Amino acid sequence: MDLKLNNIYRIFRARLAGISISKGVQLERNVMFHLHSPFFEKPSAGKIQLMDEVKISTGTVIHSYGGAVNLGKETFIGPYVVIYGHGNVDIGKYCLISMHTCIVSSNHTIPGKDRLIKNEPDLALPVTIHDDVWIGANCTILGGVNIGKGAVIGAGSIVNIDIPEYAVAVGNPVRIIRYRD
Ligand SMILES: CC(C)(COP(=O)(O)OP(=O)(O)OC[C@H]1O[C@@H](n2cnc3c(N)ncnc32)[C@H](O)[C@@H]1OP(=O)(O)O)[C@@H](O)C(=O)NCCC(=O)NCCS
């Protein structure tokens with residue numbers, strides 16, 4: 001099958017699965033969307049929305065876990081990115097999210113030693129990534145973080161604080177090294 005037909009087929013399947021997809025979206029092979037998980041009794045549902053001309057590369061997993069995941073117009077998602085939507089993930093327009101980045105929007109609460117972590121509820125923590133943000137390869141964006149318009153996050157960074165507009169930030173934990181001119 002040619003590339004165009006493959007894309008039409010992938011979009012058709014994703015729409016059937018309940019994903020909201022605007023025009024011009026491109027999906028590479030093995031992109032996985034989950035609105036429900038077979039691992040849990042309660043359906044998690046939620047919402048996944050891809051705006052115009054979003055491109056998602058191979059191996060990416062987007063799981064709503066009951067929250068909403070929105071990808072803004074012309075945003076590009078590199079290979080093997082994982083996005084979990086428990087507390088909502090809102091990614092703006094014209095963003096680049098590079099390969100192997102993880103975006104999580106929750107924490108497990110950490111109970112006393114007498115209880116299992118896996119039985120504790122998730123704490124939903126929204127993540128917002130504004131327009132024109134570039135996130136380098138292999139970053140982790142933790143729950144509750146707000147990344148301002150035009151910011152750059154260096155490869156391998158762990159982002160656990162808000163990043164101001166047009167900041168360039170790197171490292172673990174992330175620190176601001178400069179601002180875009
Ligand atoms: C952050 C980045 C954009 C460079 O920005 P820059 O402003 O040109 O930064 P510099 O190279 O001048 O480095 C400035 C400082 O930050 C450090 N630094 C740069 N990138 C870093 C990173 N990813 N992690 C940790 N430290 C980093 C440098 O070592 C230097 O430290 P020093 O001042 O103590 O010597 C680049 O290093 C980067 O991480 N690019 C991501 C590439 C990528 O993931 N591409 C994916 C495909 S699109």
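This text describes three paired strands and then the surroundings of the ligand. The model is predicted: local features need pLDDT of at least 70, side-chain atom pairs count only at pLDDT 80 or more, and totals for chains, interfaces and linings use all residues. Residues are numbered from 1 along each chain as its sequence is written, and side-chain values use heavy atoms, with hydrogens and water left out.

Strands here are DSSP runs (E, at least two residues) numbered from the N terminus, and two of them pair if DSSP finds at least two bridges between them. Strand E4 (residues 47-50) pairs with strand E1 (residues 20-21) in the parallel sense over two bridges. E4 also pairs with strand E7 (residues 68-71), again in the parallel sense, over four bridges. Gln49 in E4 takes part in both descriptions: Ser20 stands opposite Gln49, and Gln49 stands opposite Asn70 in E7.

Turning to the ligand, the residues around it (a heavy atom within 4 Å) are Ser98, Trp134, Gly136, Ala137, Gly154, Ala155, Val170, Gly171, Ile177 and Arg178. This shell divides into five nonpolar, four polar and one charged residue; Ala, Val, Leu, Ile, Met, Phe, Trp, Tyr, Cys and Pro count as nonpolar, Asp, Glu, Lys and Arg as charged, and the others, Gly among them, as polar.

Polar contacts are pairs of N or O atoms within 3.5 Å. Polar backbone atoms of two residues are placed in this way: that of Ala137 is 2.7 Å from a ligand oxygen atom, and that of Ala155 is 2.8 Å from a ligand oxygen atom. Arg178 instead uses a polar side-chain atom, 2.6 Å from an oxygen atom of the ligand. The protein covers 45% of the 920 Å² of accessible area that the ligand has on its own, by the Shrake-Rupley method with a 1.4 Å probe.

Definitions and conventions: A polar contact is a pair of N or O atoms within 3.5 Å; within protein, one must be able to donate a hydrogen and the other to accept it, and residues adjacent in sequence count only if both atoms are side-chain atoms.
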